[in-house]
Amino acid sequence: MASRRPTILDVASAAGVSTATVSRVINGATTVDKELSRRVQAAVRDTGYVPNALGRSLRRGGTSQIAVVAPDSENPYFMQIISEVERIARTQSHTVTVAHTEEDLDLERECFRQLVARRVTGVLLVPVDSRSTDVSPLTEVGIPLVLVDRGIDGAATDVVATDNLDAGRQAAHHLHERGFRAPAAIAGPASLRTTEDRATGFLATWRELGVDVGPEALLRGDLHVESGRAAAEQLLADGVTDCVYVTNNRMSAGAFEALRGHEDVPALLATDDDLWTRLVTPSVSVVHQPVRATSRAAARLLGQRIADPDEEPSTTLLRSKIIERESTRPRTV
């Protein structure tokens, strides 16, 4: 069996320093303490570690390969992120590799393995799961990483995302101000922080507004069209809800399909300003995420992280906005 290739983590452990310090020494930083630098250089020799030439090329102004890893190859929101990052990368002479994990943790782990083998310069990642995604295969070898749209519980990693609690609060106020008083939310799996925070902010705000909201007001789907349709059909059968906030764009499309054509249906507030929301009748009000601003901020942050791995991880939250259309027309209180 072939021996394991030494990693930057092995060097850091041997030298008794952080991986960021190892990276700085390898890339010629002059601000590292001389004794630390000597320890790192000795550990590199002792372990037989071979630095990532591609990463060094980027830091010195050469070309690089950036990977964008998204969880759903059919979701327009993630396609917009990829398109915007590719556009930015072209202006900086970087190439972009795109991978899709299809909301599957096993595929995600295999993707990380392949990215490490290819020695990509940096990764923009939309993780599969806020609780279970493990990014250590990337961070342990010193690959700069920025999480986009979704954070990971306990991970000391840069994040650029929508302020999802605020998005849920905005959704509640929008519907309350238009006379609705019996809300429901359709969320994704509880382990997915994005939709969970949106639903949490939404339902908590209704309670703050004096509306009695019980556990039956929260329905769950799996982020796909069919589950949104099934949840909306359940709401129609129950007949007690007058408005519904769907916390994911594809479930929003399913919910619209279920509600369309019925009389006295709940008002619908969807997520993301997808093309269909403008073309259907009635047109659909949305909580619009700032996808372009998110993509640009994430790409800039990845460049900063590659250039200076010693910086402390940061979290950037961007604000959504409501786009009002026919599906949330005001009703008399």
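In strand S11, Thr-316 is the bridge partner of Val-160. The pair belongs to the contact between S11 and strand S5, residues 158-162, which are joined by four bridges. The two strands run parallel. The model described here is predicted.

S5 and S11 are part of an open sheet of six strands. The strand order is S2-S1-S3-S4-S5-S11, with parallel pairing. Strand S2 (95-100) and strand S11 (315-318) have a single partner strand each, so they stand at the edges and one side of each is left without a neighbour in the sheet. On average, neighbouring strands of this sheet are turned by 15 degrees against each other, direction ignored. Strands of a sheet pair through backbone hydrogen bonds, in either a parallel or an antiparallel manner.

Helix H5, residues 76-91, lies across five of these strands: S1 (65-70), S2, S3 (122-125), S4 (145-148) and S5. The helix runs at about 165 degrees to S2.

A search for enclosed space gave one cavity of 30 Å³ or more. The space in the largest cavity is about 140 Å³. Its lining comprises 19 residues. Closest to the centre are Asn-75, Phe-78, Arg-150, Asn-248 and Asn-249. Two elements, H5 and helix H9 (193-208), give two or more residues to this lining. H9 gives the most, with three residues. Thus H5 both lies across the sheet strands S1 to S5 and contributes to the cavity lining. By class, the lining has nine polar, six charged and four nonpolar residues.

How values were computed: Residues are numbered from 1 along each chain as its sequence is written. This is a predicted model: local features need pLDDT of at least 70, side-chain atom pairs count only at pLDDT 80 or more; totals for chains, interfaces and linings use all residues. Side-chain values use heavy atoms; hydrogens and water are left out. Two strands pair if DSSP finds at least two bridges between them. Axes are lines fitted to C-alpha atoms, for helices over the stretch in contact, and angles run from 0 to 180 degrees between N-to-C directions. Contact means heavy atoms within 4.5 Å. On a 1 Å grid over the protein atoms alone, a cavity is a set of points where a 1.4 Å probe fits but cannot get out, and a pocket is an open set with protein on both sides within 12 Å along at least five of seven lines; lining residues have an atom within 4 Å of a point. Grid points are joined across faces, edges and corners, and a volume is the space filled by probe spheres set on the points. Ala, Val, Leu, Ile, Met, Phe, Trp, Tyr, Cys and Pro count as nonpolar, Asp, Glu, Lys and Arg as charged, and the others, Gly among them, as polar.
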